[in-house]
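Hello,

Here is the structure I promised to pass on. Please open it beside this note and follow along.

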Amino acid sequence: MTLWLRDISLSISAAVGFIALSGIAVLNGLVLLTFIRNLREQGYTLDNAISTGALTRLRPVLMTALTDAIGFVPMALALSIDAEVQWPLATVVIGGILSSTALTLLALPVLYQIAYRKNSSK
């Protein structure tokens with residue numbers, strides 16, 4: 001979406017950005033799910049573990065996303081001779097981090113709750 005907004009075509013550089021982004025997004029989700037699972041093992045109820053886990057991991061996930069996104073801003077706004085190669089990578093990472101952070105903090109706890117309740121009813 002951010003490539004489209006900035007009118008940048010998909011390129012090898014953008015594909016490398018997608019690879020970097022997938023690592024960051026998966027790590028944030030994995031950390032959140034592991035934390036929720038650890039709370040469940042400590043005896044928290046499902047709803048309490050999800051809400052406590054999401055709120056406790058909110059700041060670390062946001063800080064990771066913001067530092068990563070802000071770190072790519074100079075690359076996205078560069079005007080040097082070789083900057084055209086950097087724009088797609090930075091654009092993909094910035095847009096992807098913002099959207100994956102929202103999905104990690106909002107959608108992932110809901111999906112965890114749905115999946116866990118479906119498994120426990122069997």
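**Salt bridges first**

R117 is partly exposed, at 42% relative accessible area (buried is under 20%, exposed over 50%, partly exposed in between; 1.4 Å probe, protein chains only). This is a predicted model: local features need pLDDT of at least 70, side-chain atom pairs need pLDDT 80 or more, and totals for chains, interfaces and linings use all residues. Residues are numbered from 1 along each chain as its sequence is written, and side-chain values use heavy atoms, without hydrogens or water.

Two salt bridges are present (a Lys or Arg side-chain nitrogen within 4 Å of an Asp or Glu carboxyl oxygen). Side chains of opposite charge can pair when their charged atoms come close.

One bridge joins R117 to D47, with 2.9 Å between the closest N and O atoms. R117 sits in helix α5 (residues 83-120) and D47 in helix α3 (residues 46-56), so the pair ties together parts that are 70 residues apart in sequence. (Helices here are DSSP runs of H or I, at least four residues, numbered from the N terminus.) D47 is also listed as partly exposed, because its relative accessible area is 40%.

The other bridge pairs the side chains of R37 and E41, at 3.8 Å from N to O. Both residues belong to helix α2 (residues 12-41). They are four residues apart, about one turn of the helix. R37 is partly exposed at 45% relative accessibility. E41 is exposed, at 59%.

**Helix α2**

How far apart are the end C-alpha atoms of α2? They are 44 Å apart, which agrees with the 44 Å that its 30 residues should span at 1.5 Å a residue (expected span is 1.5 Å times one less than the number of residues).

Which residues of α2 are buried? They are S13, A14, G17, L21, N28, G29, L32, I36 and L39. Take N28, which is placed in α2. Its relative accessible area is 8%, so N28 counts as buried. Leaving out residues up to four places away in sequence, N28 touches V61, T64 and T104 (contact means heavy atoms within 4.5 Å).

Just after α2 comes G43, with a positive phi of about 105 degrees.

**Cores**

The largest nonpolar core has seven residues (a core is a set of buried Ala, Val, Leu, Ile, Met, Phe, Trp, Tyr and Cys residues joined through side-chain atoms within 4.5 Å). Its members are L32, I36, L39, L46, A49, I50 and Y112. Helices α2 and α3 each supply at least two residues of this core. A49 is in contact with I36, L39, R40 and Y44, leaving aside its neighbours within four places in sequence. Another core lies apart from this one. That second core has six residues, among them A65, L89, V93 and I97.

**Helices α4 and α5**

Helix α4 covers residues 58-77 and has 20 residues. From first C-alpha to last, α4 reaches 28 Å, close to the 28 Å expected at 1.5 Å a residue. V61, A65, A69 and A76 are buried in α4.

In α5, look at S100. Is S100 buried or exposed? S100 is buried, because its relative accessible area is 13%. Residues up to four places away aside, S100 touches L21 and A25. S100 and V26 are 74 residues apart along the chain, yet their C-alpha atoms are separated by 9.0 Å.

L106 is in α5 too. L106 counts as exposed, at 62% relative accessibility. L106 and V93 are 13 residues apart in sequence and 20 Å apart in space, C-alpha to C-alpha.

**The N-terminal patch**

Which residues make the nonpolar surface patch of about 460 Å²? They are M1, W4 and L5. Patch residues have over 30% relative accessible area and no salt bridge; like charges are joined within 9 Å, and nonpolar side chains (Val, Leu, Ile, Met, Phe, Trp, Tyr) within 5 Å. Areas are Shrake-Rupley values with a 1.4 Å probe; for residues, only the protein chains shown count as cover.

M1 lies in the segment before α1. M1 is exposed, at 73% relative accessibility. The C-alpha atoms of M1 and V31 are separated by 26 Å, with the two residues 30 apart along the chain. W4 is in helix α1 (residues 2-5). At 65% relative accessibility, W4 is exposed as well.

Best wishes
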